[in-house]
Amino acid sequence: MSHTSTGLLVLALTLIGFTANATTYSEKQLNCLAQNIYHEARGEPLSGQLAVAFVTLNRTEDDRFPDSICGVVYQRGQFSWTKHKPQIREEEAWDTAKSIALRASFLYEEGKDTTKGAVYFDGGKHKQAFHKRRTIRIGNHSFYQ
């Protein structure tokens, strides 16, 4: 996909379907969400990146996890990328992650979670037995309740 067509796709993701002018999440919280999308799913299809965002948001509503997006993302032992303080090196992927974070926040507030309440996901590299039930598989990720 060319840089121009990706830019248009990001713009479309940002604009299409929003029924509100603002989200209830702060810029800081959306940035944490975008970082998680970028580091966990930037090579996945857009629907997979959106699903990773929903898992993060679903965790904020689950008593087993912190109640803020940044709290969820930086909770010890949850997302391995947080141990290494990686840098954003792919600007186009970062722009996409930021757009998906914003889009996910609006969709989540409207009750449009495509993962059906999943609070876990894996990349298929290892089997995680603690998952109760797989709700969906998108790209290389499986999502679980």
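## Exercises on a predicted model

What covers the buried residues of H2 includes helix H3 (46-60), helix H4 (69-73), helix H5 (91-109) and strand S3 (141-144). The model is predicted. Work through the exercises in order.

### Exercise 1: The overall layout

Task: State how many helices and strands the protein has, and in what order they run.

Solution:
- Step 1. Count the elements: there are 5 helices and 3 strands.
- Step 2. Read from the N terminus on: the order is α-α-α-α-α-β-β-β.
- Step 3. Add the burial: of the 145 residues, 46% are buried.
- Step 4. Turn to the contacts with a separation of 6 or more: 65% of them join residues 24 or more positions apart.

### Exercise 2: Helix H2

Task: Compare the expected span of H2 with the distance between its end C-alpha atoms. Then find how many of its residues are buried.

Solution:
- Step 1. Locate the helix: H2 covers residues 27-41.
- Step 2. Work out the expected span. The rule is 1.5 Å times one less than the number of residues. The 15 residues of H2 should therefore span 21 Å.
- Step 3. Check it: the end C-alpha atoms are 20 Å apart, which agrees.
- Step 4. Look at the cover: 11 of the 15 residues are buried, so H2 is mostly covered.
- Step 5. Name some of them: the buried residues include Leu30, Leu33, Ala34, Ile37 and Tyr38.

### Exercise 3: Gln29 in H2

Task: Decide whether Gln29 is buried or exposed, and find which residues Gln29 touches beyond four places in sequence.

Solution:
- Step 1. Place the residue: Gln29 lies in helix H2.
- Step 2. Apply the cut-off. Buried means under 20% relative accessible area. Gln29 has 16% relative accessibility, so Gln29 counts as buried.
- Step 3. List the partners: Gln29 touches Ser68, Ile69 and Cys70.
- Step 4. Find a polar atom pair: a polar atom of the Gln29 side chain lies 2.8 Å from the backbone nitrogen of Cys70.
- Step 5. Set sequence against space: Gln29 and Gly71 are 42 residues apart in sequence, and their C-alpha atoms are 9.1 Å apart.

### Exercise 4: Two helix pairs

Task: Describe how H5 packs with H2 and with H3.

Solution:
- Step 1. Know what to look for. Two packed helices are described by the angle between their axes and the distance between the axes.
- Step 2. Take H2 and H5: the angle is about 125 degrees, and the axes are 8 Å apart. The two are therefore oblique to each other. Their crossing is right-handed.
- Step 3. Name the residues in contact: they include Leu30, Ala34 and Tyr38 of H2, and Ala97, Ala101 and Ser105 of H5.
- Step 4. Take H3 and H5: the angle is about 55 degrees, and the axes are 9 Å apart. H3 and H5 are therefore oblique too. Their crossing is right-handed.
- Step 5. Name the residues in contact: they include Leu50, Phe54 and Leu57 of H3, and Ile100, Ala104 and Tyr108 of H5.

### Exercise 5: Thr135 in a strand

Task: Find which strand holds Thr135, and decide whether Thr135 is buried or exposed.

Solution:
- Step 1. Place the residue: Thr135 is in strand S2, residues 134-138.
- Step 2. Apply the cut-off for burial: at 11% relative accessibility, Thr135 counts as buried.
- Step 3. List the contacts beyond four places in sequence: Thr115, Lys116, Ala118, Phe143, Tyr144 and Gln145.
- Step 4. Find a polar atom pair: a polar atom of the Thr135 side chain lies 2.7 Å from the backbone oxygen of Thr115.

Technical notes: Residues numbered from 1 in each chain as written. Predicted model: local features only at pLDDT ≥ 70, side-chain atom pairs only at ≥ 80, totals over all residues. Heavy atoms only, no water. Helix = DSSP H or I, 4+ residues; strand = E, 2+ residues; numbered from the N terminus. Buried < 20%, exposed > 50% of the residue type's maximum accessible area, 1.4 Å probe, protein only. Contact = heavy atoms within 4.5 Å. Polar contact = N/O pair within 3.5 Å; in protein donor to acceptor, adjacent residues only side chain to side chain. Axes fitted to C-alpha atoms, helices over the stretch in contact; angles between N-to-C directions. Parallel < 35°, antiparallel > 145°, perpendicular 65-115°, else oblique. Left-handed = near helix turned anticlockwise from the far one by under 90°.
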